[in-house]
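Student: Please take one enclosed space in this protein and look at it closely. Then follow the helices around it outward.

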Amino acid sequence: MTSRFARAAAAGTALAVASLAFAACSSGPETTPDDVITIFAPQDSAQGQDLENNAFTELIEEKFDVDLKFETTNWDGTAAAEKRQISLASGDYPDAYMLIPWVDQFSMEELVKLGGQGVILPLDDLIGEDTPNLTAAFEKEPGFEELATAPDGKIWGIPAWNDCYHCSYPSKLWMNSEWLARLGLEQPTTPEELRTVLEAFKTQDPNGNGQADEIPLSASGGATLLSYLMNPFLYTAEMYSNAEGVNPSALGAVNGQVTLQATRDEWRDAISYVTSLYADGLIDEGAFTQNGDALTAKGNSAEGVILGSVAVMHPWFVSADNEDGRYAQYDPVAPLAGPGGDDTYYSGGGAGAAPGATFVITNRSSEAKQQKLMQIVDFMVSYEGHLQAEFGVEGVDWVQPEEGDVALDESLEPNFELTTAPSGEQLKNAWGPMAQFFSDAEFRNSQVTATDIYTAEGYERRLFEATKLYEGHESAELFPFWEVKITGDTATELATIQTNIENFIVQASAEFVTGVRDINSDADWDEFQQNLTDLGADRYVEIYQTAWDETK
């Protein structure tokens with residue numbers, strides 16, 4: 001599997017029906033009539049999305065002669081995953097689940113388990129001549145089908161293939177360039193230079209209001225913050241999409257050996273550095289606990305500009321409509337060079353990149369419903385269907401290119417241009433990322449994008465150009481977990497160990513930084529290592545090492 005595959009994502013659909021699916025359906029829960037299809041899906045009401053009353057929903061209902069009924073959740077990963085589990089446990093689950101990769105997609109372990117229980121149906125025999133768009137997508141991007149194939153060799157669901165360049169390097173730092181200029185500073189290139197800049201932001205009143213109200217460095221949830229600040233010391237994967245421990249983000253590959261990074265002295269050095277910044281008041285106290293709304297409130301503070309730098313994938317924390325021009329003040333900072341050099345930077349996992357599935361069909365679905373569902377997804381894989389599904393109505397939400405328009409990738413012919421929707425109406429007519437089943441590089445990068453990166457219309461180009469600073473700093477220690485296949489009882493054992501260890505490391509990292517645990521105390525460090533051992537760290541590494549060796 002290629003590194004491109006590692007940072008992509010997949011999706012699919014089909015028409016025929018497998019014999020195993022028939023068996024599962026016959027013993028499944030009662031279903032609604034064949035022309036009524038129930039779907040569990042996340043929706044974002046803040047962007048005007050109401051899946052029951054949505055332009056694309058209406059298009060699908062008319063095109064395929066069905067009535068869609070939605071069981072909805074929101075885009076908060078923790079809440080959405082919990083509601084999905086409750087839905088499954090109730091026994092009265094819908095005909096299908098259609099999810100968002102970075103919100104609540106199914107992991108491979110979940111798919112194998114649910115498939116073995118007969119709750120979801122295998123799609124292998126449903127993919128073929130009757131799903132021409134999906135079949136063509138598999139042929140165009142072989143990694144797509146590979147990503148969709150579970151360790152047991154079956155396709156239990158379809159992921160969302162999203163060749164998102166900027167998503168592939170999620171651990172970015174955005175810094176206020178106007179503050180740097182005002183203080184006569186340059187962008188930092190090392191951890192200690194960053195400390196110097198943050199100290200100046202804290203003490204030298206860069207916003208010029210005479211108050212000590214500046215926040216030198218902030219974040220939301222802390223995952224990107226830790227990844228960016230720790231990577232100069234050792235490879236540290238971004239764990240923003242890992243709230244449930246579904247990926248082995250804490251693992252690295254050192255000289256061909258799977259390694260739990262948190263057991264290394266370099267990891268301790270890295271956390272010590274972050275802890276020192278926090279202790280000196282250079283990191284926002286809310287960095288590990290605040291959500292996106294809280295960070296946005298700081299970014300758009302009516303009292304003026306108070307954020308010096310923010311560790312997030314892209315600068316969504318500040319709105320374009322601020323009259324003081326703060327939207328254009330934040331620029332990306334390249335990976336810092338530390339004891340580990342400047343090539344320990346994490347790449348390989350953009351939004352939706354994890355193996356698993358965003359679309360599954362349950363045993364509640366009759367043969368007729370399965371056919372309809374596969375037709376619907378196959379349509380969304382097509383170019384025409386994709387535009388309408390993800391973005392909305394032509395002439396309203398997107399338009400055809402005009403002469404002189406420039407594609408995001410200037411080597412490509414421009415194919416479409418998104419319009420700027422009124423606030424709160426961005427998803428009024430579309431399913432958004434829930435329908436992002438086949439966004440290959442050609443599709444994504446052919447969209448028309450303004451050349452001024454500091455305008456709302458040029459935002460995608462801003463991200464595209466920013467990411468070039470991070471490309472080329474990929475870590476040799478990145479563990480290609482997506483290449484390994486783990487099945488049966490071992491997979492069941494691994495699921496528990498992985499969830500426990502990954503979640504514990506996220507928790508302990510924040511505790512070290514905020515002083516709940518003392519990183520400078522050998523006793524606390526030894527206790528941390530013992531905690532990892534007690535949770536099964538040795539077995540965790542052993543399982544992945546064995547599976548990885550089998551791929552070589």
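Tutor: Residue classes come first. Ala, Val, Leu, Ile, Met, Phe, Trp, Tyr, Cys and Pro count as nonpolar. Asp, Glu, Lys and Arg count as charged, and the others, Gly among them, as polar. Bear in mind that the model is predicted.

Now the space itself. The whole structure has 3 cavities of 30 Å³ or more. Take the second largest, with a volume of about 50 Å³. Its lining consists of Cys164, Tyr165, His166, Leu408, Arg444, Asn445, Glu460, Leu463 and Phe464. Two helices, H16 (441-445) and H17 (459-467), give two or more residues each. H17 has the largest share, with 3 residues. Those from H17 are Glu460, Leu463 and Phe464. From H16 come Arg444 and Asn445.

Apply the classes. The lining has 5 nonpolar, 2 polar and 2 charged residues. The nonpolar group is Cys164, Tyr165, Leu408, Leu463 and Phe464. His166 and Asn445 are the polar pair. Arg444 and Glu460 carry the charged label.

Next, follow H16. H16 also supplies at least two residues to the lining of the second largest pocket, as do H7 (132-140) and H15. This pocket has a volume of about 210 Å³. Its lining counts 15 residues, and Lys140, Val381, Tyr383, Phe438 and Asp440 lie nearest its centre. H7 makes the largest contribution, 5 residues. The class split is 7 nonpolar, 5 polar and 3 charged.

Val381 and Tyr383 lead on to a helix pair. H14 (residues 367-381) packs with H15 (residues 383-391) at an angle of about 95°, their axes 5 Å apart. Angles of 65 to 115 degrees count as roughly perpendicular, so H14 and H15 are roughly perpendicular to each other. On the H14 side, Phe379, Met380 and Val381 make the contact. On the H15 side, Tyr383, Glu384, Gly385, His386, Gln388 and Ala389 do. The contact holds 5 nonpolar, 3 polar and 1 charged residues. The charged one is Glu384.

Set another helix pair beside it. H12 (residues 265-279) and H18 (residues 488-514) cross at roughly 50°, and their axes come within 7 Å. H12 and H18 are therefore oblique to each other. H12 brings Trp267, Ile271, Val274, Thr275 and Tyr278 to the contact. H18 brings Ile505, Ser509, Phe512, Val513 and Thr514. The tally is 7 nonpolar, 3 polar and no charged residues. Thr275, Ser509 and Thr514 are the polar ones.

Last, the rings. The structure holds 32 aromatic pairs. One of them joins Trp179 and Phe201, with ring centres 5.2 Å apart. Their planes stand at 80°, so the pair is edge-to-face. Trp179 sits in H9 (residues 177-183) and Phe201 in H10 (residues 191-203). The pair links distant parts of the chain, 22 residues apart.

Technical notes: Residues are numbered from 1 along each chain as its sequence is written. This is a predicted model: local features need pLDDT of at least 70, side-chain atom pairs count only at pLDDT 80 or more; totals for chains, interfaces and linings use all residues. Side-chain values use heavy atoms; hydrogens and water are left out. On a 1 Å grid over the protein atoms alone, a cavity is a set of points where a 1.4 Å probe fits but cannot get out, and a pocket is an open set with protein on both sides within 12 Å along at least five of seven lines; lining residues have an atom within 4 Å of a point. Grid points are joined across faces, edges and corners, and a volume is the space filled by probe spheres set on the points. Helices (H or I, at least four residues) and strands (E, at least two) are DSSP runs, numbered from the N terminus. Axes are lines fitted to C-alpha atoms, for helices over the stretch in contact, and angles run from 0 to 180 degrees between N-to-C directions. Angles under 35 degrees count as roughly parallel, over 145 as roughly antiparallel, 65 to 115 as roughly perpendicular and the rest as oblique. Contact means heavy atoms within 4.5 Å. Rings of Phe, Tyr and Trp (its six-membered ring) pair if their centres lie within 6.5 Å; planes under 30 degrees apart count as stacked, over 60 as edge-to-face and the rest as tilted.
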